[in-house]
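I opened a fresh page for this one and kept my notes short. Come along and look things up with me.

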Amino acid sequence: MKSVLAAVLCVFMLGAASGDAKASEQFPPNSIKIIVPFPAGGTTDILARFVAQYLGEKLGVTTIVENRAGASGTIGSETVAKSPNDGSVLLLTATHHVINPSLYVKLPYDTQKDFSPIAVVASAPNALVVNKDFPAKSVADLIAMAKKEPGKLSFGSAGIGGANHLSGELFKQMAGVDIVHVPYKGAAPAMNDLIGGHIPIMFDTLPTVLPAAAAGTIRVLAVTSKERAASLPNAPTLDESGVKGFEATAWFGLYMPAANGNAAHTKLVAAMKEILAAAQTREKFATQGVEPGKLTGADFTKFVDAEISKWSGVVKTAKVPQQ
């Protein structure tokens, strides 16, 4: 009797596995939902709507964007982690995704095991900016000022644990300076205080920086990418400015639930490669001050692992409190 039961159970499990395989092979699904774990209107949301349009056109299916904001992106991410891995539910999120494992005591998912990275959708450097009347005219000047009077200067950010805050912490660590962090509830109020002279220094993404820089209300000392930004060709990189090896770009990635290399994942990686290489995509993304990503599939997975390790070190050294 036991052997019969075991045989029946084995057949059932094989059938279930076969069903899962067929589900992933029947790609594309009838529709695709891209979950954005932040409110509508931000850069992540705008990029997701571009991707939804292009992916829908390429695959011939209805593709929609759904915003599930909260808890630094973890609420929407959890939803995706627990969804079917047939390509019907995707996640488009920002750098928070690789920083959160260091900021939270416990997440409702495993960032490395519960997702299959598809592609870096876009990237944009942050910029080190100062108030227009700030005495330092270069990064070297700023470092000299900070070393002369440790703890006197401050820098603002959009909040504790965000990519802009940690760009500042990385700068402190690599430049060997003591600058006090002042967190704000968003990039806009921080930028307003920078322009008003209430804080002297800030790290922020180019889409926010460019209008103020063009108006002359702030000055850009450097960008945080390894290469100069096309939209700010005269601004040196921090690496060029003496902080050798510095790199802290804001980037946005597309993921799906853990797929173990199934057909849905393979086909989505191929589709995104073509979309991101298209001239139309580059032109559209340029309106947001970002560039299409170049990493997909296995290369993107390696990058995610490296970023988690990198930001974990920054968070620990900066002693950012866990939530």
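Below are my entries, in the order I made them.

**Entry 1: how far to trust it**

I began with confidence, since this is a predicted model. The protein chain averages a pLDDT of 89, and 92% of its residues score at least 70. I then found the weak spot: residues 4-21 have a pLDDT below 50, and that stretch makes zero contacts in the model beyond near neighbours in sequence. I reminded myself that predicted coordinates should not be read in detail where pLDDT is low.

**Entry 2: helix H5**

Which residues of helix H5 are buried? I looked along residues 139-148 and noted Val139, Leu142, Ile143 and Ala146. Looking down the axis of H5, I saw these buried residues fall within an arc of 95°, so they line one face of the helix. A rule of thumb helped me here: an α-helix has 3.6 residues a turn, so residues three or four places apart point the same way.

Next I asked what covers the buried residues of H5. My list includes strand E4 (115-131), helix H6 (163-175), strand E7 (201-205) and strand E8 (218-223).

I followed the chain into the loop between H5 and strand E5 (154-157), where I found glutamate 149. Its relative accessibility is 39%, so I put glutamate 149 down as partly exposed. I also checked glutamate 149 against aspartate 178: they are 29 residues apart along the chain, and their C-alpha atoms are separated by 8.5 Å.

**Entry 3: helix H8**

I turned to helix H8, residues 206-215, and found Leu206, Val209 and Ala212 buried. They span an arc of only 135° around the axis, which puts them on the same side of H8. On the other side of H8 I noted Pro211, Ala214 and Ala215 as exposed.

What do the buried residues of H8 pack against? I wrote down E4, helix H7 (187-195), E7 and E8. E4, E7 and E8 were already in my notes, among the elements that cover the buried residues of H5. Just after H8 I met glycine 216, with a positive phi near 80°.

**Entry 4: helix H2 and its two partners**

I moved on to pairs of helices. Two packed helices are described by the angle between their axes and the distance between the axes, and I looked up both values for each pair.

The first pair I took was helix H2 (residues 43-59) with helix H10 (residues 279-286): their axes come within 11 Å and cross at roughly 160°. H2 and H10 are therefore roughly antiparallel to each other, and their crossing is right-handed. At this meeting, Leu47, Phe50 and Tyr54 come from H2, while H10 brings Gln280, Thr281, Lys284 and Phe285.

Then I took H2 with helix H9 (residues 263-277), which pack at an angle of about 115° with their axes 10 Å apart. That makes H2 roughly perpendicular to H9. The crossing of H2 and H9 is right-handed. From H2 I listed Val51, Tyr54, Leu55, Lys58 and Leu59, which meet Leu268, Ala271, Met272, Glu274 and Ile275 in H9. I underlined Tyr54, which appears in the H2 list for H10 and in the H2 list for H9.

**Entry 5: one residue in each of H2 and H9**

Is threonine 44, in helix H2, buried or exposed? I found 8% relative accessibility, so threonine 44 counts as buried. Leaving out residues up to four places away in sequence, threonine 44 touches Val36, Phe38, Leu92, Thr93, Ala94 and Phe252.

In helix H9 I picked valine 269. At 12% relative accessibility, valine 269 counts as buried. With the sequence neighbours up to four places away set aside, valine 269 touches Ile118, Thr296 and Gly297. I also looked up valine 269 and tyrosine 255, which are 14 residues apart in sequence and 9.9 Å apart in space, C-alpha to C-alpha.

**Entry 6: positive phi without glycine**

Serine 72 is not a glycine, yet I read a positive phi of about 55° for it. I located serine 72 in the loop between strand E2 (62-67) and helix H3 (74-81), and its relative accessible area of 29% makes it partly exposed.

Lysine 319, another residue other than glycine, has a positive phi near 55°. I found lysine 319 in the segment after helix H11 (297-318). Its relative accessibility is 70%, so lysine 319 counts as exposed.

Methods: Residues numbered from 1 in each chain as written. Predicted model: local features only at pLDDT ≥ 70, side-chain atom pairs only at ≥ 80, totals over all residues. Heavy atoms only, no water. pLDDT = per-residue confidence, 0-100. Contact = heavy atoms within 4.5 Å. Buried < 20%, exposed > 50% of the residue type's maximum accessible area, 1.4 Å probe, protein only. Helix = DSSP H or I, 4+ residues; strand = E, 2+ residues; numbered from the N terminus. Arc of directions from axis to C-beta. Axes fitted to C-alpha atoms, helices over the stretch in contact; angles between N-to-C directions. Parallel < 35°, antiparallel > 145°, perpendicular 65-115°, else oblique. Left-handed = near helix turned anticlockwise from the far one by under 90°.
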